[in-house]
Structures are given as structure tokens and as C-alpha cells.
Amino acid sequence: MGPGDTPPADTAAGERAALVAVARATLDGNWEHDHTVPSRTLYPHQWSWDSAFSAIGWAHLRPERAWAELTSLFDAQWRDGRVPHIVFNPVVADDAYFPGPAFWATTSVAGTPRTATSGLVQPPVHALAAWHAYRRAPSEPARAALGRLYPRLVAQQHYLSEHRDVGGAGLASIVHPWESGLDNSPAWDEPLAAVPTEEAVLRAYRRRDIVHAAAAHRPTDLDYARYVAIVTAYRAAGYRDEQLADRHPFLVECPLFNAAMGAAESALAHIAREIGADPGPHRQRAAAITTALVDRLYDPTTGTFHARDLRTGRLTRARTVLGLTPLILPDLPTAQVEAILVEAGSPRFGLADRMTRPLPSHDRTAVDFEPLRYWRGPSWMNINWLVRYGLLAHGHPRLAAGLGASMIELAATAGCHEYFHPDTGAGLGSPAFSWTAALLLDLLAEM
Ligand code: 9WN
């Protein structure tokens, strides 16, 4: 049976119950006192945007964990408002993950929490996730938790708009590919190639990821050498953001990161109304970010959104799935919504009312499309969930249903893997990955 076909009711109910059980077992197995690890083997600490997606899943199972998850993450917020991309669990050995806490050395930096963290951030999807989780399971304790989170979410946005607007046009820059969440996306190839380094840098370190996953499915050693070089530069400057343009080797405006920042303001407007605060300023900021995103990152000649490399001033050429994600902005103008639908429906991505496989992470027709390598081709549940969210927001329920059915089919066949082969659907990376389970639960509740 293919995605979109209707099974008999009892089979459907049985399959659904089995899927819920797998997702629940995955999330339960990855729960760690106050947060969910993305994967017990590959990622044994707390990751920022993973926690946002996990919270959405917990809202369906144990809502108190959704709020504990977000609260523990924001407990590690820096004084300047940045929410670190990794919060290290002190009881896990330093070498369980590379780069570990000793490499980041954040605890000696002023304004950081006592807990060791990384010094980078990730896409700010937390306000959207918090609002979504609240709507899935509204209650008085949930509203109280949302109220406590609100000023911290506002501070997160403030950090990005005040410290990271390196281009001066109202968008935030990422200072490392890890901040995009799509680490080795072809979108970063051009800016990354300009980062001076040698693979030999890695001789001083030991990658842990390729102990747990196939090296051919992960970023290369040269990628890692550059990742290390960029962190080293940022760390040497005490993770400060002043004069980044004069000294930092990697500065890029990412379509997803900025779409998340705009969508966060829209979500904050809803949250503000719910808890009795003023939604007006959030609505204004959402509109301003949407306008800046269209001005800066939309290319009318390709009809999609691209990343802008601030070191060259140019848009990077790759047409990746990042280009579709501004759909999560509720105010995105119709012209760009239509353009994204054309791009998504093209053979590059294959979005349709009935589709066999979810969206790949990169253009299927590109010469550098790699179906096994991480963010250079495989399908990922979180990006598909975000695009589906955007399709619903812009009134395309049939496309959202087609995409959703293909996502459920993927997990039903392969399990809650980290990512999936974009043609065969085979599971890749970690076999018990939290956001796959969490977002599967969310989809099952809706479809
Ligand atoms: C570096 C945890 C994280 C995700 C990222 C994903 C991967 C880390 C890594 O895993 O990144 O942050 O070690 O590869 O790319 O999106 O948050 O799941």
C-alpha cells in the first residue's frame, strides 16, 4: 500500500497504535531527568532545536515534560540572551561527544551559566514549538509555564536582533554551519571553502560521530576541520559578537534561521495575547523580518530563497530545502508563497498531493546531490514538519496531507531514524532519534 491509500479501519487503527508505541518508546528511552537527548549514542547531551521539537512530541504524551524540556534548556540561557546549541550533561564523559565541554570552555566566559554549554545557537524554533505544544495540550499549569518562558523567549529574540544583525538589514547572521542545524548543507559550500584550514587540524582531536554512524553518511574530515577552525576563532574572541564583520571567517544569512526568527515573533504575539501581554510589538517585528527576508534572500531569477554570504555579499547558488522554509512565515507575500510551491513541486523536491517520499534536504537534480550524506540529500522529519506547517498556514491542506502521509509511511517502514534515504526510504544515522518520534506523534494526532 502506498502513501495516500486508505487501509481498512481496523488495520489503520492497529498500525497507528503500533507507530505511537514506537514513537513513545523512542522518546521515553531518550528522556534524561529534565530533557530529551537527541540520540543516546550520537548526541548524549541536550540540543537546542531538538528540545523544541521534542517538546512538541511530549505535549501528546506527558505535557509536563514538554515544559520541563524547554525550561531546562532556557535555564542555560546566557546573560546576553543566547540560547546555547548544546547544554552538556555533567555526568557524561567529556569525550562521549566531539567537541565536548572542554573544547568549548564556556564556563570561564563572563555571563554564562554554571553548566557547560556550547557558544553557538541554533534556529530559534522554540517560541513556535512552545505555542504549538500549548495548543496541543492547554491547561493552567501549561499556561503558567508558558508565562515563565515568555520573557526568556523574548530575550532570545533580542540577542539575535541586537547582536547578530551583522548585515544591518534586520536579519540575523549565523557564525557557524552548526547554527543552521543543517550542518553540511550545500548552502554552506561557498562560504565554508573560504575558511582557511587543513585536514591536519583534526589530528589533535578524535571525531566521535563516525564511531556511531557510517563516515559516508556524515560530514567529511575537511568539513570538520573547518568547523573546528570557526569555533576556535569565535572562542578566541570570548564568543563576543562585536566587530564580527571585521574578524569572523564565516558569516551567513540563512533562510531557515531567519524564517524561524520571524515565525517566533508571530508565535510570541499569540503567547503574549494568551498571557495578557501586548502582542503588538511582536506582530510588527514579524512583519519587519518577513520583509527583510524577502528583500535579502529571495532571488526572483531562481524563484527560491538562498543563503547570503556576508563575506562576499552574494547569495549562494545551491537550491536546498532551506529555500522552502520561509513558508512558516504567516505573513509571507503571495508571490513568494506561489514561488515556493513551484520550487517544491518541481522534480527538485517532488511535493504533491500524493507523493512517495518526503522532501529531500537538497535538490534531487543537482550534481552534488548525495542521497546518503546527512544534509546533502537525505530526508529529515523536522524540515518536512516545518514545510508542512507552512503549507497548512498558507491554506494548502491537500499538499500538507500528501507530505504528511509520505512522512508517516517513512517512519512506519523504517522506524524513528535520524534521517532517511530520499529514494529508498531506508533509515540512516541514529535508529532511535527523538525529533523523528516527537514529530511523528504530532502528525499522527492530526492526520
Ligand atoms: C552538531 C543533534 C544535532 C542537530 C543538528 C544536526 C546534528 C551536531 C552534530 O545533530 O548536529 O550540532 O554533531 O552533527 O545536524 O541539526 O541539532 O541532533
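**Exercise 1.** Determine how much space lies in the second largest pocket, and describe its lining.

*Solution.* About 310 Å³ of space lies in the second largest pocket (on a 1 Å grid over the protein atoms alone, a pocket is an open set of points where a 1.4 Å probe fits, with protein on both sides within 12 Å along at least five of seven lines; lining residues have an atom within 4 Å of a point). The model is predicted: local features need pLDDT of at least 70 and side-chain atom pairs pLDDT 80 or more, whereas totals for chains, interfaces and linings use all residues. Residues are numbered from 1 along each chain as its sequence is written, and side-chain values use heavy atoms, without hydrogens and water.

Next, consider the residues. The lining comprises 17 residues, and W131, H132, R135, Y389 and A393 lie nearest the pocket centre. Two or more lining residues come from each of α5 (126–136), α12, α15 (381–393) and α17 (434–446) (helices are DSSP runs of H or I, at least four residues). The largest share, five residues, belongs to α15.

**Exercise 2.** State whether A169 is buried or exposed, and identify what A169 touches.

*Solution.* First, locate the residue: A169 lies in the loop between α6 and α7 (177–180). Second, its relative accessible area is 31%, so A169 is partly exposed (buried means under 20%, exposed over 50%, partly exposed in between, with a 1.4 Å probe and protein chains only). Third, leaving aside residues up to four places away in sequence, A169 touches A292 and R296 (contact means heavy atoms within 4.5 Å).

Key
Grid points are joined across faces, edges and corners, and a volume is the space filled by probe spheres set on the points.
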